[in-house]
Amino acid sequence: MAKTLALYLHEMETTHAIDPRLTGLINHLAETCKEISFKVSQGALAGILGSAGSENVQGETQKKLDIIANEIMCRACTESGFVSAVASEEMDHALQVPADAEIGPYLVLFDPLDGSSNIDINVSIGTIFSILPAGTPHRDVKDEEFLQSGRHQLAAGYVIYGPQTQLVLTLGLGVMMFTLDIATGNFYQTAQNVVIDESTKEFAINCSNMRHWEAPVQRYVTELLAGKTGVRQKDFNMRWVAAMVAEVHRILNRGGIFMYPKDHRDPSKPGKLRLMYEANPMSWLIEQAHGKATNGHENILDIEPTGLHQRVAVFLGAKEEVELVTSYHQ
Ligand code: AFP
């Protein structure tokens, strides 16, 4: 029988001296995502589809499930006893642990429901999380305390709600995948030490934005589209799921490159994706799987964050391709 997530985490405590409070927090997050997974699977039966009629801090329309998933994640994390505070893509500022609840040495950042536009059409979505050190457990955590580069992450991962619910995790010791068995309620390890091929023939980018991209990205994608007849001398295939969690999951499983570049539409936004909630945790997973992640200029994990909700251009996946598109930006 495959290993459970709980057993894997216990092994990491004994073989790599991983703090039991960190493994406790991850077990807690896994339990929480099971609750979200159940809601997702119920869809219209639970009345959770459709718009909530509100906007988040980014000015994006929130779906009912965005709000439900955010509430579940916030409650679970702040009641866990393992965190000093949490930050979510859906909330303006850090959320404090209630005065009567215990605090712990970690900060958790999350995108509670990535791929919102897929919710109502029954296509894969997910929850992304990143765990940072908080130092000595304390209250009244400032937003600035979350502004640590991706290299400081202690754990990162996502739970994808697709045909199967899977948890993908790194503690900096490789990338592990666990699949939820709905019969037993356990996550079982189904892949370990995932490695992404350095080269690929598959790319993912929202080509409808092509006219807005900067010259290096236009050049790179034009070359991919030219296939065998162009400078690349091979044909490429394209995919776009509109949920980063699903794009990264495909890349971890069968390779490829994912891009969400900066574009000319709103010069104040250096990309669409959020550094702290999406790019950092995904980039660490990709690096741990021997891939690469840049913003076209530097490794995403080296970016010193300046704001909780800051956006960033993202090129991640197969090393050779990410290096090539990055070199076009130099
Ligand atoms: P949400 O955070 O609103 O769910 O958006 C998901 C996302 O940021 C990312 O997961 C996708 O890669 C991207 O949006 C898809 O955006 P478009 O298809 O609209 O370009």
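Which strands does helix α5 lie across? Select residues 244–254 to show α5 in this predicted model. Helix α5 lies across β11, β13 and β17, and runs at about 30° to β17.

Next, add helix α4, residues 215–226. Helix α4 also lies across β11 (202–204), β13 and β17, but its angle is given against β13: about 140°.

Now colour the sheet itself. It is an open sheet of 5 strands in the order β12-β11-β13-β17-β15, with mixed pairing. At its edges are β12 (237–238) and β15 (292–294), each of which pairs on one side only. Zoom in on β13 (residues 257–260) and β17 (residues 314–317), which pair in the antiparallel sense over 4 bridges. Pick isoleucine 257 and look for its bridge partner in β17, glycine 317.

Move to helix α6, residues 275–288, and select glutamate 278. Glutamate 278 counts as buried because its relative accessibility is 1%, under the 20% cut-off. Leaving aside residues up to four places away in sequence, glutamate 278 touches Glu89, Asp111, Asp114, Ile128, Met244 and Leu273.

Finish at helix α2, residues 20–42. At its start, a side-chain oxygen of aspartate 19 comes to within 2.9 Å of the backbone nitrogen of arginine 21. The buried residues of α2 include Leu22, Leu25, Leu29, Cys33 and Ile36. Measure end to end: the C-alpha atoms at the ends are 33 Å apart, which agrees with the 33 Å that 23 residues should span at 1.5 Å a residue. Just after α2, glycine 43 takes a positive phi of about 50°.

Conventions:
Residues numbered from 1 in each chain as written. Predicted model: local features only at pLDDT ≥ 70, side-chain atom pairs only at ≥ 80, totals over all residues. Heavy atoms only, no water. Helix = DSSP H or I, 4+ residues; strand = E, 2+ residues; numbered from the N terminus. Buried < 20%, exposed > 50% of the residue type's maximum accessible area, 1.4 Å probe, protein only. Contact = heavy atoms within 4.5 Å. Expected span 1.5 Å × (residues − 1). Polar contact = N/O pair within 3.5 Å; in protein donor to acceptor, adjacent residues only side chain to side chain. Pairing = 2+ DSSP bridges. Axes fitted to C-alpha atoms, helices over the stretch in contact; angles between N-to-C directions.
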